[in-house]
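The following paragraphs guide the reader through one protein model. Please keep the sequence and the structure in view while reading.

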Amino acid sequence: MAPTIIVVGAGVIGLTTAIRVLQSSSDTKVIILSKDLPGDPLIPTYASPCAGAHHLSFAADDDILQRKIDKRTFDVMWAQIKAAEESMSDQWERAYGEHLLKLRQTEFYCHPGDKHIAFFEDLPDFQVLEPPEDAHPPILYSVSFTSMTMDTGPYLDVLVKHFVALGGVLERAELGSLAESINHPAVVALTLEDLNIKKTAIINCTGLGSIHLSDVNDTSMYPVRGHVLVLDAPWVKEGRTRQVGSLAASETLASESSSAEEEVGGGEGGERTYIIPRKSGQVVIGGTREVGDWSATPDPVTTLSIKRRALEIFPELSPAYLTSPTRKPLPEDLDPIVLKEVVGFRPARKDGLRLAKGSAVAGVKVIHNYGHSGAGWQASWGCAEEVVVLLKE
């Protein structure tokens with residue numbers, strides 16, 4: 001009987017997973033069920049379109065799995081860029097590559113003793129730099145390398161088109177449990193079209209939605225709120241990030257049942273300011289990491305802080321500075337080029353990424369692929385290939 005796989009969730013994790021599953025077996029049927037779909041208006045809980053989306057790993061030196069999936073995703077996207085640059089024959093590789101930007105990435109560290117992670121040393125053109133002088137706050141250490149950024153909306157659109165071209169079915173559905181997916185009308189209809197179909201697995205790629213699925217009920221999930229601005233600044237072609245405070249610092253999550261606080265996770269601590277140019281000419285500047293914060297509304301105080309911090313590390317963002325470099329750039333210089341403000345919720349998990357088999361539902365195998373926090377884009381293809389391995393076990 002032909003296997004049928006149900007993928008729940010249609011962010012970058014769900015879509016890349018569904019594509020790799022289809023590519024792994026010629027007779028496999030895959031249907032995606034998701035409340036949110038690419039092209040919908042931006043909402044914070046549907047994180048993929050809201051993301052800044054650059055490949056900038058946070059993998060600890062001893063985190064073998066995270067390093068593996070981040071590097072595999074880097075290699076896949078690097079090949080996609082090459083396909084677009086060289087007009088290779090694979091239309092899908094070219095299509096993805098059209099929405100990826102290869103660029104020089106510079107990292108600034110302001111916390112005493114902080115250095116780069118080992119992952120960066122395997123990237124093209126890696127080098128340790130002399131820290132710039134007269135920076136405020138002082139920059140104590142700096143590295144650069146070649147990496148890439150993703151234009152989220154167009155890239156998600158290509159994922160959808162590729163998935164459908166491979167024979168996949170995409171259906172909007174709001175589920176209360178994974179079990180509901182088995183008898184969803186779209187899944188039943190697919191089964192009726194081919195009586196040889198057998199439902200063999202459910203892959204959970206719902207991110208923060210895993211809190212609300214009754215047969216998952218993962219209360220260890222929590223949002224890490226991010227607030228960014230999107231600028232029209234096509235002259236910017238370099239990515240920069242400044243780290244103030246320890247990158248390895250734990251996050252603090254307030255307990256819902258008491259006034260106590262709990263330290264959770266690590267790997268993206270401190271205050272990070274980032275400049276993320278895109279192939280389209282848009283530039284994302286940010287940002288924030290507000291743990292456990294479900295507020296969907298941009299905060300004007302944060303907006304001003306983002307502009308100020310971004311100009312500190314990249315004064316060339318200001319059109320006025322470009323014409324008069326002796327003039328100190330001001331936050332209001334950016335007002336004419338602000339396209340939108342975006343709030344998104346990174347789907348974080350106290351115990352980190354859940355990429356593993358779960359308990360079967362109604363006799364159907366379950367595999368979980370969620371809890372990526374801010375690493376969904378840079379780990380997407382690598383995680384998808386790990387899911388294929390788990391399916392075959």
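R72 is partly exposed, with 36% of its relative area accessible. In this predicted model, the side chain of R72 meets that of E385 in a salt bridge, with 2.8 Å from N to O. R72 belongs to helix α3 (residues 64-85) and E385 to helix α10, so this pair ties together parts of the chain that lie 313 residues apart in sequence. E385 also counts as partly exposed, at 22% relative accessibility; the cut-off for a buried residue is under 20%.

A second pair, R272 and E107, is also joined by a salt bridge, and its closest N and O atoms are 3.7 Å apart. Here strand β12 (residues 271-277) contributes R272 and strand β3 (residues 100-109) contributes E107, so the bridge links parts 165 residues apart in sequence. Is this pair buried or exposed? R272 counts as buried at 7% relative accessibility, and E107 is buried as well, with a relative accessible area of 3%. Beyond single pairs, R104, E238, R240 and E316 are joined into one network by salt bridges that share partners.

A further bridge connects R172 with D40, where the closest N and O atoms are 2.9 Å apart. R172 is found in strand β6 (residues 169-172), while D40 sits in the loop between β2 (29-34) and α2 (47-50); the pair therefore ties together parts that are 132 residues apart in sequence. With a relative accessibility of 45%, R172 counts as partly exposed. A search of the whole structure finds 20 salt bridges.

The account now turns to the nonpolar interior. Which residues have the most contacts inside the largest nonpolar core? This core has 52 residues, and the two in question are F120 and L159. Helix α10, spanning residues 376-392, gives the most to the core, with 8 residues. Leaving aside residues up to four places away in sequence, F120 touches L56, S57, E107, Y109, F126, V143 and F145. E107, already met as the salt-bridge partner of R272, is thus among the residues that F120 touches. Apart from the largest core lies another, of 23 residues, which includes I6, V8, I211 and L213.

L159 leads to helix α5, as this residue is one of the buried residues of that helix. The others are T152, Y155, L156, V158, V160, H162 and F163. An α-helix has 3.6 residues a turn, so residues three or four places apart point the same way. Helix α5 covers residues 152-165, a run of 14 residues. From its first C-alpha to its last it reaches 20 Å, close to the 20 Å expected at 1.5 Å a residue. Just after α5, G167 takes a positive phi of about 105°.

How many disulfides does the structure hold? The number is 0. C50 is in no disulfide, and the nearest cysteine sulfur, belonging to C205, is 18 Å away. C50 is buried, with a relative accessible area of 9%. C110 is likewise buried, with a value of 12%.

A word on confidence completes the account. The chain has an average pLDDT of 92, and 92% of the residues score at least 70. Over residues 256-260, however, the pLDDT is below 50. Beyond near neighbours in sequence, this stretch has 3 contacts in the model.

Conventions:
Residues are numbered from 1 along each chain as its sequence is written. This is a predicted model: local features need pLDDT of at least 70, side-chain atom pairs count only at pLDDT 80 or more; totals for chains, interfaces and linings use all residues. Side-chain values use heavy atoms; hydrogens and water are left out. A nonpolar core is a set of buried Ala, Val, Leu, Ile, Met, Phe, Trp, Tyr and Cys residues joined through side-chain atoms within 4.5 Å. Buried means under 20% relative accessible area, exposed over 50%, partly exposed in between (1.4 Å probe, protein chains only). Helices (H or I, at least four residues) and strands (E, at least two) are DSSP runs, numbered from the N terminus. Contact means heavy atoms within 4.5 Å. pLDDT is the predictor's confidence in each residue, from 0 to 100. A disulfide is a pair of cysteine sulfur atoms within 2.5 Å. A salt bridge is a side-chain nitrogen of Lys or Arg within 4 Å of a carboxyl oxygen of Asp or Glu. The expected span of a helix is 1.5 Å times one less than its number of residues.
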